[in-house]
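I sat down with this one to look up its cores, one helix pair and a few odd backbone spots. My notes follow in the order I checked things.

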Amino acid sequence: MLAAIPVAVDKGQGRLKEAVDEALTDFVQNYQDTFYLLGSAVGPHPFPEMVKFFQSVVSEESKRQILDKEGRLPDAILACVGGGSNAIGAFAHYIEEASVRLIGVEPKEAATLTEGVPGTIHGFKCLVLLDEQGNPQPTYSIAAGLDYPGVGPEHSYLQASGRAEYVTVTRQEALDAFLTLSKTEGITPALESAHAVAYTLKLAPKLSPDKIIIVNLSGRGDKDVAQVYDMLNG
């Protein structure tokens, strides 16, 4: 509608990793008249830092709003993690607040932060899922935005330093959370966000009622409804 030219990528798995491969290749070949833009906190410097800066409006607003409403900071911030853009934005203004737990939730099928090793992908060093030959490992997630064998470099640092916690949920747990939030709140989360909701449903019962949890919903599930229907009825 706005005159962009979408280009489909069918190399390899034809997923997020391959799309970034192709975008970077095109950028290198056409750098004189091309800007490289991406929606995740990955890639060579300064792109992860730029993405964090723009996405940090999420935590800036949530921090202001929770202080206005509750008069104190939350006990935990939860967000799904693939490349890590929504999570680093949700965490940004709380990183220096030691009392706030930062919890990133990955799909079990692409658990980079919980199972990856230090490596290099797409021009930056981070935790990476590698195969026996040292190449990026094929991944699969029902949420396309979480289907990436690497992760933003700052998430790798937060994991290594212990400042943030990273956990996994299964495909079925994410689907159940998708349905639960849709039915109880009338909010249909993106399948990506449903991973964060899934872990929240496991964490909340373990906490006292006075605890405050903020869950970042990184997208709407309108795009996923047909996919979820097929998976539940296939």
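Entry 1, the main core. I started with the largest nonpolar core, keeping in mind that this is a predicted model. That core has 29 residues, and those touching the most other members are I77, F91, Y94, L102, L158 and Y166. Next I asked which elements give two or more residues to this core. I got β1 (76-80), α4 (85-91), β4 (124-128) and β5 (164-169). A reminder to myself: in soluble globular proteins, nonpolar side chains tend to be buried together.

Entry 2, a look around I77. Leaving out residues up to four places away in sequence, I found I77 touching A90, F91, Y94, V100, R101, L102, I103 and I214. F91, Y94 and L102 I had already noted with I77 among the core residues that touch the most other members.

Entry 3, the other core. Apart from the largest core I found another, made of 12 residues. Its members include A76, L78, V197 and A198.

Entry 4, two helices. V197 and A198 sent me to α8, where both take part in the contact with α7. How do α7 and α8 pack? Helix α7 covers residues 171-185 and helix α8 covers 191-203; I read an angle of about 90° between them, with the axes 7 Å apart. Angles of 65 to 115 degrees count as roughly perpendicular, so I logged α7 as roughly perpendicular to α8. From α7, the contact uses E173, A174, L175, A177, F178, T180 and L181. Facing them from α8 are L191, A194, H195, V197, A198, L201 and K202. Sorted by class, I have 10 nonpolar, 2 polar and 2 charged residues in this contact.

Entry 5, backbone oddities. Most residues other than glycine have a negative phi, and most peptide bonds are trans. I went looking for exceptions.

The peptide bond between H45 and P46 is cis, with omega about 10°. I placed P46 in the loop between α1 (16-29) and α2 (47-55).

A3 has a positive phi, near 75°, and sits in the segment before α1. H122 also has a positive phi, near 50°, and belongs to the loop between β3 (117-121) and β4.

Are these two buried or exposed? A3 has 69% relative accessibility, so I put it down as exposed. H122 has a relative accessible area of 11%, under the 20% cut-off, so H122 goes down as buried.

Notes:
Residues numbered from 1 in each chain as written. Predicted model: local features only at pLDDT ≥ 70, side-chain atom pairs only at ≥ 80, totals over all residues. Heavy atoms only, no water. Axes fitted to C-alpha atoms, helices over the stretch in contact; angles between N-to-C directions. Parallel < 35°, antiparallel > 145°, perpendicular 65-115°, else oblique. Contact = heavy atoms within 4.5 Å. Nonpolar A, V, L, I, M, F, W, Y, C, P; charged D, E, K, R; others polar. Core = buried A, V, L, I, M, F, W, Y, C linked by side-chain atoms within 4.5 Å. Buried < 20%, exposed > 50% of the residue type's maximum accessible area, 1.4 Å probe, protein only.
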